[in-house]
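Thanks for coming. I will go through one chain today, mostly its salt bridges and its helix packing. Please have the sequence and the structure open.

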Amino acid sequence: MKMPFKRTLRVKLFVIILLGLILSISAFFAGTFALNSYMKNVYMSDTNTQKRSARQIQSFASYVTSHSIKATDTQALRAWQEQHDNVYILIYNNNDIVFDSDWMIEKKGAYKYVITNSETGEIIILLQDNYGNIRKIKRKASSSSESQKKSDAVTADEGAYYGNSSMLRGDLNEFDYDFYPVLFKDGVFDVCIVDYSDDTIKDVGEIAIFVICCILFIGVIIVYFGREIGRMRRLTNEVMDIKDVDINGPITIHGQDEICMLAENVDTMRQTIIEQLSREREAWQANSDLVTAMAHDIRTPLTVMAGYLELMQNKEYSSQEELDEYIRISAEKAEQLRTMSDKMFRYFYVYSKGGEDLNMEMFPAGPFLDQMLGEYVVLLGENGYQFDIDISDKKAEIYVDLQGMKRITDNVFTNIRKYSDKSKSIDIRVYIDRRKVRIYFRNYINPESSKAESTHIGTLTCQKMAEEMNGSFTTCRKGKVYEATLILPNMLDNDDSHVPTQGLTAILSRK
């Protein structure tokens with residue numbers, strides 16, 4: 001049975017992968033949103049930004065004091081910067097830049113803008129990173145810097161690092177930084193330290209979010225496969241228990257996919273095996289009961305027959321009529337013994353593990369069947385039975401065991417003699433085609449006849465014999481009509497086959 005499309009493991013896997021992608025992508029956007037919200041509202045808040053800037057200034061001032069560093073000692077200043085990642089240092093003396101760590105701007109891929117106001121002398125330095133955040137540094141002009149003012153209201157410093165001014169448009173985050181006085185060996189200078197640690201936190205956070213989302217996606221797949229593997233493992237254990245412990249053990253049937261179908265098929269096979277074992281036990285019990293009963297029943301006719309034979313041997317009879325009666329009784333008991341022995345043979349034959357050694361021979365189908373069936377037809381015809389026979393004249397050859405064919409036909413005609421209605425004709429047809437030779441029997445059942453034997457051992461015998469000759473034997477009862485069909489392979493394999501004029505349809509339609 002083919003599973004519906006929506007229930008297959010392939011479709012379920014596709015749905016699980018799609019679900020995993022949706023969950024992981026949703027988690028990625030949710031995590032990114034949460035990270036950005038945290039960075040904007042908490043980490044980069046004015047309070048926390050000023051606290052970090054003050055800590056950086058204190059650390060820098062302690063370093064300058066402890067190492068007696070001058071404001072112009074570029075190498076020492078860069079050494080401190082290398083120990084404190086993600087910082088930008090700007091040192092002013094009045095309106096002159098003493099130290100500017102431009103290499104940090106290049107490292108972060110940021111842009112730097114220097115804007116001066118010619119009227120107030122105020123200098124604004126804008127640092128824009130690759131996330132769009134702007135760090136704004138303001139410095140008021142000193143009284144000694146009036147001569148440096150230019151005629152334009154707002155001009156860019158010619159010595160500044162210029163970027164694309166369009167980058168300053170839009171809704172961008174701005175963070176302000178102040179200058180703090182720091183005592184150097186050569187005097188007091190204004191120092192501003194810009195903290196870029198938020199960029200690193202964002203980079204690490206986004207990587208962590210991506211890794212977590214990948215783990216989430218893989219986890220969904222692993223959970224799904226773990227569940228399916230668990231079902232397969234449970235089914236395997238149940239099958240092993242059935243094989244080694246108890247065939248009546250349960251099989252768990254759950255779901256609507258191929259694993260469920262496999263479990264259903266295994267359970268069906270288990271039920272079939274149980275039924276077969278039950279039938280075999282019943283058959284063997286019937287066989288044992290038969291042997292026991294026949295061993296007891298054989299003694300009676302055998303004893304009677306031996307007694308009459310002894311009387312005849314000793315000539316203990318007074319007349320020819322008495323002798324004839326002794327002979328009749330002995331023959332009757334001998335027939336009883338033959339019937340019992342045949343019945344015992346059929347039981348042993350059907351329920352034996354191996355069949356007889358067959359003596360297979362090739363026969364022409366038409367003449368062979370005409371002769372074999374004709375003997376029984378003549379015999380039963382003398383007892384009032386009527387036959388309607390049609391044997392195809394098409395050439396065919398059958399490869400059969402002669403004794404096996406005799407036993408099959410003997411069983412069929414014995415049943416006809418016992419159960420057939422003499423008032424109605426018995427149909428016998430032989431059909432021949434390219435591959436098969438089919439012998440068909442049909443008779444009406446006499447309502448007054450006794451019931452057929454409960455074990456149907458005769459039919460089972462015919463079936464087994466036919467199978468050993470590479471054929472088949474089937475029976476069918478339709479109301480008062482009994483049908484039996486013996487099919488044998490046509491060894492001639494002729495393409496010019498035909499069916500007799502009076503076919504099976506005509507027979508079945510006859511009242």
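**Salt bridges and helix packing**

Let me start with a pair of side chains: Arg52 and Asp195 meet in a salt bridge, at 3.0 Å from N to O. By salt bridge I mean a side-chain nitrogen of Lys or Arg within 4 Å of a carboxyl oxygen of Asp or Glu. Arg52 lies in helix H2 (residues 46–67) and Asp195 in strand S9 (residues 187–195), so the pair ties together parts that are 143 residues apart in sequence. Arg52 is buried, at a relative accessible area of 10%, and Asp195 is buried too, at 6%. For burial, the cut-offs on relative accessible area are under 20% for buried, over 50% for exposed, and partly exposed in between, with a 1.4 Å probe and protein chains only. Helices (H or I, at least four residues) and strands (E, at least two) are DSSP runs, numbered from the N terminus.

Before going on, the provenance. This is a predicted model, in which local features need pLDDT of at least 70 and side-chain atom pairs count only at pLDDT 80 or more, while totals for chains, interfaces and linings use all residues. Residues are numbered from 1 along each chain as its sequence is written, and side-chain values use heavy atoms, with hydrogens and water left out.

Back to the charges. How many salt bridges are there by this rule? The count comes to 13. Another of them is Lys12 with Glu228, where the closest N and O atoms are 3.4 Å apart. That pair also links distant parts of the chain, with Lys12 in helix H1, Glu228 in helix H5, and the two positions 216 residues apart. Is Lys12 buried or partly exposed? Lys12 is partly exposed, with a relative accessible area of 23%, whereas Glu228 is buried at 7%.

Glu228 has a further partner, Arg231, with the closest N and O atoms 2.9 Å apart. Both residues of this pair lie in helix H5, 3 residues apart, about one turn of the helix. As a reminder, an α-helix has 3.6 residues a turn, so residues three or four places apart point the same way. Glu228 and Arg231 are both buried. Through shared partners, salt bridges join Lys12, Arg227, Glu228, Arg231 and Asp257 into one network.

Next, the packing of those two helices. Helix H1 covers residues 9–43 and helix H5 residues 197–244; their axes are 9 Å apart and make an angle of about 155 degrees. The axes are lines fitted to C-alpha atoms, for helices over the stretch in contact, and angles run from 0 to 180 degrees between N-to-C directions. H1 and H5 are therefore roughly antiparallel to each other. The classes are under 35 degrees for roughly parallel, over 145 for roughly antiparallel, 65 to 115 for roughly perpendicular, and oblique for the rest. The crossing of H1 and H5 is right-handed, which means that the near helix is turned clockwise from the far one by less than a right angle; anticlockwise would be left-handed.

For comparison, look at H2 with helix H3 (residues 74–83). Their angle is about 135 degrees and their axes are 11 Å apart. H2 and H3 are therefore oblique to each other, and their crossing is right-handed.

The loop between H2 and H3 holds Ser68. Phi of Ser68 is near 50 degrees, a positive value in a residue other than glycine. Most residues other than glycine have a negative phi. Ser68 is partly exposed, at 45% relative accessibility. Asn470, again not a glycine, has a positive phi of about 65 degrees. Asn470 sits in the loop between helix H10 (457–468) and strand S15 (472–478), and at 62% relative accessibility it counts as exposed.

Last, helix H9, residues 402–419. Its 18 residues reach 26 Å from first to last C-alpha, close to the 26 Å expected at 1.5 Å a residue; the expected span is 1.5 Å times one less than the number of residues. Which residues of H9 are buried? Among them are Gly404, Met405, Ile408, Phe413 and Ile416. Ile416 has a relative accessible area of 3%. Between Ile416 and Tyr444 there are 9.1 Å in space, C-alpha to C-alpha, at a separation of 28 residues in sequence.
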